[in-house]
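Got the viewer open and a selection tool ready? Let's take a short walk through this one, stop by stop.

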Amino acid sequence: MNFDFAAIIQAIPYLFGTGMTFTLTLTTAAASMGLILGTLLAVMRLSPYRIVSIPAGIYVNTMRSIPLLLVIFWFYFLMPYIGAWITGSSRPMNVGAYKSAIITFTLFEAAYFCEIMRAGIQSVSRGQLSAGLAIGLTYWQSMQGIILPQAFRNMLPSLGTRVIILFQDTSLVYVLSLTDFLGAGAKIGQRDGRLVELYVFVALVYLVICFSASRIVKLLERRAFVAR
Amino acid sequence: MNYDWSWKIFLDLSSNGVDTYVYNLLTGVGWTLALSLSAGIASFAFGSIVAVMRTAPSVTLHFIGTVYVEIFRNIPLLVQMFLWYFVLPELLPKDWGDALKQMGQPWGQFIPAVLCLSFYGTARLAETLRAGIQSLPGGQGQAGTAMGLTPAQVYLYVIMPQAYRIVIPPLTSEFMGIVKYSSVALTIGLLELTGQARAMQEFSFHIFEAFSAATVGYLVINGCVVLIMHHVERHFALPGKIGWKARMKLSGSAS
């Protein structure tokens, strides 16, 4: 077979301008909001009050035992009903695939970030919390000012690895017909009859980005190790 | 807001006019199990080989193992699935490629899916196993060599039996991962559990019943994985290690 490089070069503006922009937006939005929600869930899971820790545990474990694709479908169809319920309207709300994808990935990643942050919080010695309380800070103040910054720094490499996985997983929005990087490649490939070239190119770009990112995470790991 | 919730829908005839929805969902469970089991076994076998290569003293073996793992871990699974399904038949010699393309449902989808999940799972399991091998004290291997074992024997009789026991907990989540990743096969048209739920939702409009059923299906399958791995862990626990106590307690012979 003949490999047509021109097909790829023509597609590059669309692939990166539309596709990669969407992939990066989704990754950044889900990672930042997921991290906040995940940290909150981690604090909940570690709470001594069972009424708080048990629901958080159920949420995290359920999310982690079902496939992301199923979660994407769940929220895509559930969101209009939740929207209608919140606004009190009688008809399902039109949410759209884009918003639905951002909400889905945020809620899904929160479960994984929760487990990382929980390990991070547990890696900080108990004396730190006691010291905070002893100097008159409240529980929340010591969490925010003392425990969480340390937990976050200790877990930076794990969080980085998780963001790389999230970056790869965003390709699954393909099933909602959204135009992410892979979706853009598939669209052009189908239009031009050049699926082979486009898919190989998309794979190579993902490989280069994720490989470089994982090297950076490894460097971070080494530096964090030295710092302690 | 009105949603017509009815569990009876599962007993209705599905779009093919022959089988009920519940029958279709169970076929989906069957394909999910078939996919996960074949990919799981292959990943475990080849993952062990790659993990040994990555820890071997030979530079060439180490390099090949590392390149393999980096390639398969750094490309999204969905892209890999498309490479196996759409690109591979084009790259093979023409008659082979045509033979692959002409294979009908469901084998034409099942074989690329198993290949994809196995290659991906191999890379992931190799990393888990490598961590297990490297967590062993170096003296274990040296002692084996000092006793006159060949490098292959050292791995077979000294290192791997211990490494496997150490990595059982992360191995459990990797196997659960394989069950979850198998859902990606729906993108190339294999009707496994998620695919069947999606098909049911499309034709019956009973969205939430269909996805609830799939969710319960995955929870049950992954629950079984956890139970089986607990059993494996207890069965292979060694005296003098932490896992042993749990085993004695369970069999009631602890004093």
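The tour starts with one whole chain, moves to the interface and ends at a pair of packed helices.

Keep in mind throughout that this is a predicted model.

**Stop 1: chain B.** Select chain B and colour it by secondary structure. You'll find 11 helices and 0 strands, so to speak an α run from the N terminus on. Its C-alpha atoms fill a box of roughly 70 × 60 × 30 Å along the principal axes. Of the 255 residues in chain B, 36% are buried. Now look at contacts in chain B with a separation of 6 or more: 69% of them link residues 24 or more positions apart.

**Stop 2: where the chains meet.** Bring chain A back and show the residues that touch across the boundary. Here 30 residues of chain A are in contact with 29 residues of chain B. On the chain A side, select 68–87 (helix 3) and 195–227 (helix 9), each of which supplies at least two residues. Helix 9 of chain A gives the largest share, with 11 residues. Colour that side by class and you get 25 nonpolar residues, 5 polar and no charged.

**Stop 3: a helix pair in chain A.** Select 97–123 (helix 4) and 156–169 (helix 7) of chain A. Their axes lie 10 Å apart and make an angle of about 160°; helices 4 and 7 of chain A are therefore roughly antiparallel. The crossing is right-handed. For the contact itself, show sticks for A:Glu109, A:Tyr112, A:Phe113 and A:Ile116 from helix 4, then A:Ser158, A:Leu159, A:Arg162 and A:Leu166 from helix 7. By class, that contact has 5 nonpolar, 1 polar and 2 charged residues.

Terms used:
Residues are numbered from 1 along each chain as its sequence is written. Chains are lettered from A and ligands numbered from 1 in the order in which they are written. This is a predicted model: local features need pLDDT of at least 70, side-chain atom pairs count only at pLDDT 80 or more; totals for chains, interfaces and linings use all residues. Two residues are in contact if their C-beta atoms, placed from the backbone, lie within 7 Å. Helices (H or I, at least four residues) and strands (E, at least two) are DSSP runs, numbered from the N terminus. Ala, Val, Leu, Ile, Met, Phe, Trp, Tyr, Cys and Pro count as nonpolar, Asp, Glu, Lys and Arg as charged, and the others, Gly among them, as polar. Axes are lines fitted to C-alpha atoms, for helices over the stretch in contact, and angles run from 0 to 180 degrees between N-to-C directions. Angles under 35 degrees count as roughly parallel, over 145 as roughly antiparallel, 65 to 115 as roughly perpendicular and the rest as oblique. A crossing is left-handed if the near helix is turned anticlockwise from the far one by less than a right angle, and right-handed if clockwise. A residue is buried if 20 or more other C-beta atoms lie within 10 Å of its own, exposed if 12 or fewer, and partly exposed in between; C-beta atoms are placed from the backbone.
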